[in-house]
Amino acid sequence: TWWHTASVIEKSNYDTKLLSYLDWGITSSFSAGIKSGITIKDFFLNLKFTAGFPSNCGTLTDSDWLNVEITTSPQLNYKTHFSEHENHQNYDFCFNAEAGWSFNIISSFKISPSFSLNYAKTQFSGVTGQYFYGKYREEDSEKGYYYPYNSENKSYVSTGTYSEAVINYMREAVSVFIGTDFSYTFNGKYTGYKPLFLSLGFKIAPFSYTFNLDNHLLKSTDYVDICQGYFKEFNISAKAGYFFTNKFALNFDFD
């Protein structure tokens with residue numbers, strides 16, 4: 001499944017490059033899906049669809065370095081605003097289509113090159129939470145600046161809580177993959193006289209594209225990031241299946 005893990009990156013209080021940083025941390029997310037396939041001689045086509053259940057799945061942190069816009073002083077490049085919210089998954093679904101051809105090197109060993117297309121769409125909302133915003137200080141002779149969000153002087157910081165949705169994030173992602181699966185079937189006395197199937201697959205994406213939309217609900221402001229890249233994604237998979245009968249098997253999949 002896609003998108004069900006997220007790294008939490010701790011940024012320094014001082015940063016000369018960032019203006020804003022959103023971290024949609026995910027601690028748990030559950031999904032269900034269906035997979036079907038068809039094989040005609042050596043040609044195969046597999047389709048897979050998964051959908052996530054709406055749920056609270058982690059914590060969103062929102063950090064700002066607003067002095068970067070108004071001053072070049074390195075002493076003022078500290079984090080000025082910080083807020084923390086519940087991360088609610090509104091929807092999350094993924095569709096995958098894969099087509100390929102299997103070549104029998106020997107009767108029990110196959111190489112299966114394939115072409116696949118992934119499409120995924122997900123949306124999160126940052127709801128409720130608390131904020132710590134450094135107040136703005138006016139200067140007589142030059143532009144003012146913001147105090148740090150964690151100033152020891154509490155009068156320099158505005159604090160409070162949210163009781164509603166503050167921000168939405170939506171991402172559409174499309175990736176094209178090419179790759180090969182290697183599979184071997186054991187049919188000997190060492191597997192209890194039942195077939196044992198093993199497979200290892202490697203895929204890489206020649207092209208990836210994402211459309212990312214942030215809706216800042218309290219400011220009625222939207223931000224769009226459109227990203228694309230070449231050979232930026234790869235996939236490794238492993239499978240094992242033990243066939244008790246021709247129609248009943250125990251399978252283990254890793255992806």
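**Close-up views of a predicted model**

**View 1. Phe231, in the loop that links strand E12 to strand E13 (residues 233-243).** The model shown here and in the views that follow is predicted. Phe231 has a phi near 55°, which is a positive value in a residue other than glycine. With a relative accessible area of 53%, Phe231 counts as exposed because the cut-off for that class is over 50%.

**View 2. Lys41, in the loop between strand E2 (31-40) and strand E3.** The backbone of Lys41 also takes a positive phi near 55°, again in a residue other than glycine. Lys41 is exposed, and its relative accessible area is 80%. Strand E3, on the other side of this loop, covers residues 43-52 and returns in the next view.

**View 3. Strand E5 and its antiparallel pairing with strands E3, E4 and E7.** Strand E3 (residues 43-52) pairs with E5 in the antiparallel sense over 9 bridges, and within this pairing Ala51 stands opposite Phe93 of E5. E4 and E5, which likewise run antiparallel, are joined by 9 bridges, and here Ser55 faces Gln89 of E5 as its opposite residue. The pairing of E5 with strand E7 (residues 109-134) is antiparallel and extends over 18 bridges, with Phe132 of E7 as the bridge partner of Phe82. When side chains are followed along these elements, it may help to recall that in a regular strand they alternate between the two faces of the sheet.

**View 4. Strand E11 and its antiparallel pairing with strands E10, E12 and E13.** E10 and E11 pair in the antiparallel sense over 19 bridges, and in this pairing Gly201 of E11 is the bridge partner of Asp181. E11 is joined to E13 by 10 bridges, the two strands running antiparallel, and Ile204 stands opposite Phe234 of E13. A further 9 bridges join E11 to E12, also in antiparallel fashion, with Asp214 opposite Tyr223 of E12. The hairpin of E11 and E12 has 4 residues between its strands, and in this hairpin Ser220 adopts a positive phi near 55°.

**View 5. Surroundings of Ser237 in strand E13.** Ser237 has a relative accessible area of 8% and therefore counts as buried, the class for values under 20%. Residues up to four places away in sequence being left aside, Ser237 touches Asp181, Ser199, Leu200, Gly201, Phe254 and Asp255. Two of these contacts, Asp181 and Gly201, are also bridge partners of one another, so that the view can be read together with the pairing of E10 and E11.

**View 6. Surroundings of Asn168 in strand E10.** Asn168 is buried, at 16% relative accessibility. Its contacts, not counting residues up to four places away in sequence, are Trp24, Asn90, Phe124, Ser125, Leu213, Asp214, Asn215 and Leu217. Asp214, one of these contacts, is the residue that stands opposite Tyr223 of E12. The C-alpha atoms of Asn168 and Ser31 are separated by 20 Å, the two residues being 137 residues apart along the chain.

**View 7. The second largest pocket, which holds about 570 Å³ of space.** The lining of this pocket is made up of 21 residues, among which Ser20, Asp62, Asp64, His216 and Lys219 lie nearest the centre of the pocket. The elements that contribute two or more residues to the lining are strand E1 (20-24), strand E4 (55-64), strand E5 (81-101), strand E10 (157-186), strand E11 (196-216) and strand E12 (221-229). By residue class, the lining of the second largest pocket consists of 10 nonpolar, 5 polar and 6 charged residues.

**View 8. Confidence of the model, with residues 1-10 as the stretch of interest.** The protein has an average pLDDT of 88, and 92% of the residues score at least 70. Over residues 1-10, by contrast, the pLDDT is below 50, although this stretch has 25 contacts in the model beyond near neighbours in sequence. Where pLDDT is low, the predicted coordinates should not be read in detail.

Notes. Residues numbered from 1 in each chain as written. Heavy atoms only, no water. 1 Å grid on protein atoms, 1.4 Å probe; cavity = no way out; pocket = protein on both sides within 12 Å on 5 of 7 lines; lining within 4 Å. Points joined across faces, edges and corners; volume = space filled by probe spheres on them. Nonpolar A, V, L, I, M, F, W, Y, C, P; charged D, E, K, R; others polar. Pairing = 2+ DSSP bridges. pLDDT = per-residue confidence, 0-100. Contact = heavy atoms within 4.5 Å. Buried < 20%, exposed > 50% of the residue type's maximum accessible area, 1.4 Å probe, protein only.
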